[in-house]
Amino acid sequence: PGTAGGAGRPELLIHLFGGAGFAAWAKVLKLWQEQSHFPDEKRLNGRMLTLDKILKGVVLDSAPGDSGTTVMGPFPMVQGDAALLSAMNSYGADGVAPSEAQKLQATQRAMRDLTKKNGPLWEYYENIITQDQGLPLQVHQYEPTVPLLFIYSDSDKIAPAAQIERYMYECELRQAQRVSDNGLVPVPVPRVLHLETSGHVAHRAGPTEVEYWKSVNDFW
């Protein structure tokens, strides 16, 4: 762990953004756990160290944030894909550019077919949402006990402050239980940069830029 100048100290800092970053981190944690105990010898040159020997800390920017998909369901994602596809109706299968009337018809057909409830695209996103609801539990299970930094805002409607603060409380309970059960050295309570006006994953620019990077640099 660490670089040549790191004297073996953990030096991996994870800085994740939003619900997508949190989901990716949950999957990395599970995969790392599997590979450190049962490595893929065909693709890995040696055994992986366990993450607790490498990970230094985790910065969670606007995360976890799943309230939008939980409340609204898959419709916004399905609608976004349908709109993207309809915007690509520039050429027909024969390579000939369609008329404006044909483009409009193709756009309407794409939106109608793709946004059908219980259609393939709808079911795909429903499955993803169902899987994502278990991600906090997965992170609690596999994430080592390391310092955490939460950056969030009262103005964020996708990852509301109340949701993030609930997860922070869960992290504190998780760490306290591990200290009690396993005799681990206590880590500091999660650090917090609680902002008021910045939007989702938009804290590192604009009026909050200086405060944002100061918190990240101090954490590192």
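## How H1 and H6 pack

Let's start with two helices that sit against each other in this predicted model. The axes of H1 and H6 are 9 Å apart, and the two helices pack at an angle of about 40 degrees. An angle like that falls outside the ranges for roughly parallel, roughly antiparallel and roughly perpendicular, and H1 and H6 are therefore oblique to each other. As for handedness, H1 and H6 make a left-handed crossing.

Which residues meet where H1 and H6 pack? On the H1 side you'll find Phe22, Ala23, Trp25, Ala26, Lys27, Leu29, Lys30 and Gln33. Their partners in H6 are Leu135, Pro136, Gln138, Val139 and Tyr142. Keep Lys30 in mind, as this H1 residue also takes part in a salt bridge, with Glu34.

## Further along H1: Gln35

Helix H1 covers residues 18–37, and Gln35 is part of it. Is Gln35 buried or exposed? Its relative accessibility is 15%, so Gln35 counts as buried, the cut-off for buried being under 20%.

What does Gln35 touch, if you skip residues up to four places away in sequence? The answer is Asp40, Leu44 and Met48. With Asp40 there is a further detail to look for: a polar atom of the Gln35 side chain lies 2.8 Å from the backbone nitrogen of Asp40.

## Salt bridges within a helix

Side chains of opposite charge can pair when their charged atoms come close. How many salt bridges are there here? The count comes to three.

One of them is in H1, where Glu34 pairs with Lys30 and the closest N and O atoms are 2.6 Å apart. These two residues are four apart in helix H1, which means that about one helical turn separates Glu34 from Lys30. Glu34 is partly exposed, at a relative accessible area of 34%, and Lys30 is partly exposed too, at 33%.

Another salt bridge joins the side chains of Asp218 and Lys214, at 2.8 Å from N to O. Here the helix is H8 (residues 209–219), and again the partners, Asp218 and Lys214, are four residues apart, so about one helical turn lies between them. How open are these two? Asp218 has 44% relative accessibility and counts as partly exposed, whereas Lys214, at 51%, counts as exposed.

## A salt bridge between distant parts of the sequence

Arg174 and Glu143 also form a salt bridge, with their closest N and O atoms 2.9 Å apart. Why does this pair tie together separate parts of the chain? Arg174 belongs to helix H7 (residues 161–182), while Glu143 is in the loop between helix H6 (135–142) and strand E3 (148–153), so the salt bridge links parts that are 31 residues apart in sequence. Both Arg174 and Glu143 are buried.

## The whole chain

Now step back and look at the full protein chain. It contains eight helices and four strands. Reading from the N terminus, the elements come in the order β-α-β-α-α-α-α-α-β-α-β-α.

The protein chain has 220 residues, and 33% of them count as buried; Gln35, at 15% relative accessibility, is one that counts as buried. Contacts across the sequence are worth a look as well. Take the contacts between residues at least 6 apart in sequence: 76% of these join residues at least 24 apart. For an example of a pairing across the sequence, go back to Arg174 and Glu143, whose salt bridge ties together parts 31 residues apart.

How values were computed
Residues are numbered from 1 along each chain as its sequence is written. This is a predicted model: local features need pLDDT of at least 70, side-chain atom pairs count only at pLDDT 80 or more; totals for chains, interfaces and linings use all residues. Side-chain values use heavy atoms; hydrogens and water are left out. Buried means under 20% relative accessible area, exposed over 50%, partly exposed in between (1.4 Å probe, protein chains only). A polar contact is a pair of N or O atoms within 3.5 Å; within protein, one must be able to donate a hydrogen and the other to accept it, and residues adjacent in sequence count only if both atoms are side-chain atoms. Contact means heavy atoms within 4.5 Å. A salt bridge is a side-chain nitrogen of Lys or Arg within 4 Å of a carboxyl oxygen of Asp or Glu. Axes are lines fitted to C-alpha atoms, for helices over the stretch in contact, and angles run from 0 to 180 degrees between N-to-C directions. Angles under 35 degrees count as roughly parallel, over 145 as roughly antiparallel, 65 to 115 as roughly perpendicular and the rest as oblique. A crossing is left-handed if the near helix is turned anticlockwise from the far one by less than a right angle, and right-handed if clockwise.
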